[in-house]
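Please look over the model below and work through it site by site. Start with a single glycine, then move outward.

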Amino acid sequence: MKKQDIIFGIHAVEALLKHSPERIIELWLLQGRDDERLTALANEAKSFGTTIQLASRKVLDDKAESSQHQGIVARVKAAKVLNEQDLDVLLANTEQPFLLILDGVTDPHNLGACLRNADAAGVQGIIVPKDNSVGLTATVSKVACGAAETVPLFQVTNLARTMRHLQDKGVWIVGTAGEADCELYQADLKGPLAIAMGAEDKGLRRLSRESCDSLISIPMAGSVSSLNVSVATGVCLFEAVRQRRS
Ligand SMILES: C[S@@+](CC[C@H](N)C(=O)[O-])C[C@H]1O[C@@H](n2cnc3c(N)ncnc32)[C@H](O)[C@@H]1O
């Protein structure tokens with residue numbers, strides 16, 4: 001298991017300082033950059049006793065393994081990996097579960113965007129299979145814009161079994177597939193709910209699809225056959241938000 005991670009980008013580091021500053025070991029800032037937001041983050045990090053170093057762009061690019069760091073890179077203690085037991089704790093403490101299942105999303109940009117959507121929609125947790133899914137990488141945190149620090153990601157060994165467990169706890173699972181007869185806008189998305197999205201290439205796996213209580217499609221007016229998974233996630237989550245507010 002990894003003991004340390006890298007997190008980069010202004011929003012990602014800001015969320016880290018807000019929600020789990022104790023994880024930050026060291027912070028590198030781009031030298032010579034006079035940026036109010038970076039200065040504010042550096043001052044906050046200093047107040048937690050974090051070591052701060054100024055570094056060149058090349059050093060930051062190397063640390064982040066990306067040039068998208070916006071002048072700030074943190075070395076952090078790896079986040080605790082959440083599992084089935086942690087999910088049970090969440091369910092026990094949540095009156096009206098609103099969850100997202102991602103069945104094998106492998107692109108870090110997609111997971112990051114789904115985390116961001118989930119945070120914005122008020123989703124309490126995302127469930128992913130441990131294998132064949134991307135985890136919380138530095139790129140995921142950057143794209144999530146802070147949501148990797150606020151939305152718990154549960155990594156489970158057997159997704160179909162976890163879905164049955166959710167159903168036993170009264171959660172209705174709505175799967176998504178372009179060919180489903182029922183359209184999103186006809187579905188009832190109130191009550192304890194988990195929305196299940198499929199992988200970028202193959203969609204929901206057979207067993208996951210069969211484990212859903214219902215399947216819905218997002219109507220497609222044009223010629224493309226499907227939406228990007230993070231876009232489809234946003235569309236479905238916010239239809240659920242609309243219904244749950246009314
Ligand atoms: C790129 S699509 C996968 C396409 C894949 N070829 C398939 O057969 O499902 C990734 C995921 O986004 C969601 N999605 C994309 N377009 C959708 C649509 N029109 N209706 C429902 N879900 C959709 C589904 O969860 C799907 O599994």
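Which residues does G112 touch, not counting residues up to four places away in sequence? The contacts are T139, V140, K142, V143 and A144. This is a predicted model, so the confidence scores come next, before the other sites.

## Confidence

The mean pLDDT of the protein is 95. Of its residues, 99% reach 70 or more. For the complex, the predictor gives an ipTM of 0.98 and a pTM of 0.94. One caution applies in general: where pLDDT is low, predicted coordinates should not be read in detail.

## Around G112

G112 sits in helix α5, which covers residues 108-121. Is G112 buried or exposed? It counts as buried, because 24 C-beta neighbours lie inside 10 Å and the cut-off for buried is 20 or more.

L136 gives a distance across the sequence. L136 and G112 are 24 residues apart along the chain. Their C-alpha atoms are separated by 8.5 Å.

## Two domains

The protein is divided into domain 1 (4-77) and domain 2 (84-245). Their centres, taken over C-alpha atoms, are separated by 30 Å. At the junction, 15 residues of domain 1 are in contact with nine residues of domain 2.

Which element supplies the largest share of the side of domain 1 that touches domain 2? It is α1, with six residues. Both β1 (4-8) and α1 (10-19) supply at least two residues of this side. By residue class, this side of domain 1 divides into seven nonpolar, six polar and two charged.

## R57 in domain 1

R57 lies in helix α3, residues 57-64. R57 is partly exposed, because 14 other C-beta atoms lie within 10 Å; partly exposed falls between the limits of 12 or fewer and 20 or more. I72 is 15 residues away from R57 along the chain. The C-alpha atoms of R57 and I72 are separated by 9.8 Å.

## The ligand shell

How many residues are around the ligand? There are 16, and T176, G198, G203, S226 and A232 come nearest. By class, the shell holds eight nonpolar, six polar and two charged residues. Strand β9 (193-198) and helix α9 (229-245) each supply at least two residues of this shell.

## Annotated positions

UniProt, in an unreviewed entry, lists G198, I218 and L227 under "binding site". These positions are spread over 30 residues of sequence. They still cluster in space, with a largest C-alpha distance of 13.3 Å.

G198 belongs to strand β9. G198 counts as buried, because 23 C-beta neighbours lie inside 10 Å. Leaving aside neighbours within four places in sequence, G198 is in contact with D103, T176, A177, G203 and L204. T176 and G203 also appear among the residues that come nearest the ligand, as does G198 itself.

Where is L227 found? It is in the loop between β10 (214-216) and α9. L227 is partly exposed, because 16 other C-beta atoms lie within 10 Å. Beyond residues up to four places away in sequence, L227 touches I218 and A232. I218 is another of the listed positions. A232 is one of the residues nearest the ligand.

Key
Residues numbered from 1 in each chain as written. Predicted model: local features only at pLDDT ≥ 70, side-chain atom pairs only at ≥ 80, totals over all residues. Helix = DSSP H or I, 4+ residues; strand = E, 2+ residues; numbered from the N terminus. Contact = placed C-beta atoms within 7 Å. Near = placed C-beta within 6 Å. Nonpolar A, V, L, I, M, F, W, Y, C, P; charged D, E, K, R; others polar. Domains from an automatic or database assignment. pLDDT = per-residue confidence, 0-100. UniProt positions renumbered as here; feature names shortened; annotations may be inferred.
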